[in-house]
Amino acid sequence: MVEFMVKIWYISIIRARHCGWSGLAKGDPNEKPIVISIRMTMYDEGRVGRRATKGFTLIELLVVIAIIAVLLAIIMPAMRKVRETAKETICKSNLKNVGLGLLMYLDDNDRKLPNYRSANGFLWYDAGGNLLTLNDGSAYWGIVYKPYLKETKIFGCPSLRRVPSLIYNVDPDAVQEAAFALNYHQDARGKSTTDLRPSEFIFCHDHMEPRVENNEQDMFHNNDTPGAMNLVHYRQGGSRSKHYRDIWRHNIRANDAFRTGGRANILWLDAHVTALEETTGDDVRKRWYTGKRN
Ligand SMILES: [Zn+2]
């Protein structure tokens, strides 16, 4: 026989004399503490009913479970929000660190952005564990800043889910440390930072591409055309529509296919980081990508 006995003693705090229910004078010798005893008894087979017990009824247990379920339903959405806010903060912190690596690189290289050459993939190392070069098409652009940052994890965004199918044929795990897309607008390539307004030039941001280079197809602007859409091949009906949520990956509200309320984090050339609300592109200037001053 297994027996659990739980006794809850209300000795002085909830004693009847404090509530005036007992009818006894304070200090009366007949006064006894109230004892509430809850006994849960489990009998071996064949011995059921040997002893009268006071236990929980099934209804009581169900009521308790229902109350817990209601409380969880109230608390969980708030918890999810807190968790997502924490992820967004980590993403911003990672981008900020990438920005510090960028500034150090620029200090060492006459304020000139590097020529990223063929690097347009998500990988850091080859099969032999060697750091890839900028001439390798599968290399991630971040390898330029590796000497300043050491940790490749800095290039990860915790809100990027483990993506089951990628735009390119690569191990989905690789993207987890190559989550930011480089601004590679054709008008901006080869420019010195002295020709740019660093606080108004996008260096990189949350995206599903390793580097964005197809104008309004991949970038957040819509060619400064009011009413036109940006990210056209990521939107509904586009060839990459299944990756849309992985671009506006922060603060996503579910059940709304192409208006998620999500945000993407942006690292600007002066190393400050901002969050951009999901947008059609009307509020995103093309010059933030091209580097033109106005
Ligand atoms: Zn992010």
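Start by selecting residues 1–26 of this predicted model. Throughout residues 1–26, pLDDT stays under 50, and the model has 32 contacts beyond four places in sequence for them. Next select residues 33–46, where pLDDT again stays under 50 and the contacts beyond four places in sequence number 30. Where pLDDT is low, the predicted coordinates should not be read in detail.

Now colour the whole protein by confidence. The mean pLDDT is 83, and 79% of the residues reach 70 or more. Confidence is lowest in strand 1 (residues 2–10), with a mean of 38, and highest in strand 4, at 98.

**Helix 2**

Select residues 58–108, which make up helix 2. Does the distance between its ends agree or disagree with its number of residues? At 1.5 Å a residue, the 51 residues should span 75 Å, and the end C-alpha atoms are 73 Å apart, so the two values agree.

Move along the helix to Ile-75. A kink of about 30 degrees lies there, shortly before the proline Pro-77.

Further along, select the buried residues of helix 2: Glu-88, Cys-91, Asn-94, Leu-95, Asn-97, Val-98, Gly-99, Gly-101 and Leu-102. What do these buried residues pack against? Their partners are helix 3 (146–149), strand 3 (180–183), strand 4 (202–206), strand 6 (263–268) and strand 7 (273–277).

Just after helix 2, stop at Asp-110. This residue lies in the loop between helix 2 and helix 3. Asp-110 is not a glycine, yet its phi is positive, about 55 degrees. Most residues other than glycine have a negative phi. Is Asp-110 buried or exposed? Asp-110 is exposed, because 9 other C-beta atoms lie within 10 Å and the cut-off for exposed is 12 or fewer.

**The sheet**

Select strands 3 to 7. These 5 strands form an open sheet in the order 5-3-4-6-7, with mixed pairing. Strand 5 (211–212) and strand 7 stand at the edges; each has a single partner strand, so one side of each is left without a neighbour in the sheet. Helix 2 packs on this sheet, touching strand 3, strand 4, strand 6 and strand 7, and its direction makes about 15 degrees with that of strand 6.

Begin at the edge with strand 5, which pairs with strand 3 in the parallel sense over 2 bridges. Show Leu-182 and Arg-211 together: Arg-211, in strand 5, is the bridge partner of Leu-182.

Then go to strand 6. How many of its residues are buried? The count is 6 of 6. Turn the view to see both faces of strand 6, where Arg-263, Asn-265 and Leu-267 are buried on one side and Ala-264, Ile-266 and Trp-268 on the other.

Look next at the neighbours of strand 6. Strand 4 runs antiparallel to strand 6 and is joined to it by 3 bridges; Ile-266 in strand 6 has His-205 standing opposite. Strand 7 also pairs with strand 6 in the antiparallel sense, over 5 bridges, and Val-273 in strand 7 is the bridge partner of Leu-267.

**The hairpin**

Finish at the hairpin of strand 6 and strand 7, which has 4 residues between the strands. Select Ala-271 in this loop. Its phi is near 75 degrees, a positive value in a residue other than glycine. Ala-271 counts as partly exposed, because it has 19 C-beta neighbours inside 10 Å and a buried residue needs 20 or more.

Notes. Residues numbered from 1 in each chain as written. Predicted model: local features only at pLDDT ≥ 70, side-chain atom pairs only at ≥ 80, totals over all residues. Expected span 1.5 Å × (residues − 1). Bend = angle between axes of the 7 residues up to and from the residue. Contact = placed C-beta atoms within 7 Å. Pairing = 2+ DSSP bridges. pLDDT = per-residue confidence, 0-100. Axes fitted to C-alpha atoms, helices over the stretch in contact; angles between N-to-C directions.
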